[in-house]
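Here's a quick look at a strand and its partners, and then at a cavity. Have the structure open as you read.

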Amino acid sequence: MFSLILPSTSKTMSNITGTPTRSSVGGRRADYSTAAGGFPVRLHVQSLLRKTPSSLKSPAKIMKHDEMGIVSAPERKLVKQSRVSNTRFSAAESTLAVNGKYQKLTDDLVAGGRLVQDGLVYRQNISVRSFEIGGDRKMSFGALLSHLQDTGLSHFIITGLLVDGFGSTREMSRNNLIWVLSTLNVVVDRYPTWTEVVEVDTWMYASGKNGQGRDWIIRDSKTGETLASATSVYVMMNRETRKLSKIAKEIWDELEPYLMDCECPIINKDGRKILKLDVTAADQRCTGLSPGWKDMDINQHVSNVKYIDWILESVPHSLMERYDLKAMTLEYKKECDMDSVLHSLSKRVSEGNTDSFSASKVVEFDHLLRLENGREILRGRTVWKLRDTNNCVNSYV
């Protein structure tokens with residue numbers, strides 16, 4: 001379901017409604033400090049779920065209490081079960097109960113993942129690999145987004161919803177419909193480093209009448225520290241006509257048993273509208289960008305991770321050498337295919353000269369991806385925070 005792209009024109013997408021009422025296990029909310037007019041630069045997660053029974057607390061939190069010797073016997077049993085399942089998930093010998101129905105998993109579908117929180121949250125442990133890191137030994141932003149997409153798809157697989165493509169259900173496949181990404185917000189507190197193991201939680205919920213919301217939390221699997229959080233909205237598009245489509249009742253009926261009853265997404269969205277960047281006012285630009293075959297996904301348009309690469313092409317190298325990307329908001333306007341040629345433009349919107357960043361601890365940019373004919377592909381906003389050089393040295397040691 002996590003292809004990419006498209007017009008975020010429907011006003012219903014901005015109103016998050018908890019349509020399903022199946023479970024009292026609600027969505028999770030977080031607050032963050034702000035910089036440059038309210039854009040999230042740091043996320044402090046307060047609770048995993050809005051209403052979480054003690055028997056369904058996150059294993060990370062229970063383990064912490066267990067070490068203090070204050071957990072009950074049922075909680076200690078849950079901790080033991082969680083630690084066992086955090087190793088390799090043996091699908092050949094295990095089944096999961098979802099709404100009273102037992103579904104057997106296979107190793108070639110979902111390895112290492114499981115459903116928690118009454119079957120509404122998909123959880124998976126991921127080890128940071130050498131090919132996912134940069135020169136500072138930290139996971140790259142692109143690799144982080146790839147894991148968001150992968151765990152979201154694994155959630156569809158483990159629930160039995162996936163029939164075809166990127167998250168297409170039976171009814172979607174029958175009507176030739178696919179999911180496309182409309183908006184994405186990501187906030188990073190700390191990038192995991194090489195060999196670290198992170199725990200990813202993801203869940204979905206109704207977003208207005210014609211949107212599906214999906215949120216993620218990435219934690220340190222040992223300490224429970226929140227490393228990053230993300231929220232997104234997907235809409236439906238006809239595979240043949242490439243036009244947006246309403247979500248029919250039959251499709252909602254397929255999704256409803258697995259939708260979280262959420263009041264709001266995990267990240268409070270930046271209230272400031274991302275205005276179209278004036279081409280003549282751009283500080284940095286990169287032209288002649290064109291996708292290759294390896295940039296296409298199975299829905300025959302450019303993968304959303306590639307858009308991140310193009311955005312960063314127009315960010316000053318002097319900034320990237322000294323700052324970490326801490327937050328990003330993306331609004332997809334139009335899909336991009338093999339014949340597209342794009343321009344990437346950026347403009348610094350926080351105070352200061354674009355050639356000198358020494359006086360600023362936080363720097364903010366607006367971004368625009370457009371076709372050569374001027375049509376918008378994507379609007380974006382990024383927030384960068386001055387890197388702690390002491391921590392950089394320690395990470396190498």
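What follows is a short tour in two parts. Keep in mind that this is a predicted model.

## Strand 14 and its neighbours

Let's start with strand 14, which covers residues 342-348. Of its 7 residues, 6 are buried, meaning under 20% relative accessible area, so the rest of the structure largely encloses this strand.

Strand 14 pairs with strand 12 and with strand 15. With strand 12 (residues 284-289), the pairing is antiparallel and takes in 4 bridges. If you want a spot to click on, try glutamine 284, whose bridge partner in strand 14 is serine 346. Strand 15 (residues 362-371) also runs antiparallel to strand 14, with 7 bridges joining the two. Here you can pick out lysine 347, which has aspartate 366 of strand 15 as its bridge partner.

## A cavity and its lining

Now for the empty space. There are 2 cavities of 30 Å³ or more in the structure, and the second largest has a volume of about 40 Å³.

Which residues line that second largest cavity? They are Met139, Leu144, His147, Pro192, Val198, Val200 and Ile218. Two or more of the lining residues come from helix 3 (141-159), and likewise from strand 8 (197-207). As for chemistry, the lining of the second largest cavity splits into 6 nonpolar residues and 1 polar one, with no charged residues. The polar one is His147, because histidine falls outside both the nonpolar and the charged sets.

Notes. Residues numbered from 1 in each chain as written. Predicted model: local features only at pLDDT ≥ 70, side-chain atom pairs only at ≥ 80, totals over all residues. Heavy atoms only, no water. Buried < 20%, exposed > 50% of the residue type's maximum accessible area, 1.4 Å probe, protein only. Pairing = 2+ DSSP bridges. 1 Å grid on protein atoms, 1.4 Å probe; cavity = no way out; pocket = protein on both sides within 12 Å on 5 of 7 lines; lining within 4 Å. Points joined across faces, edges and corners; volume = space filled by probe spheres on them.
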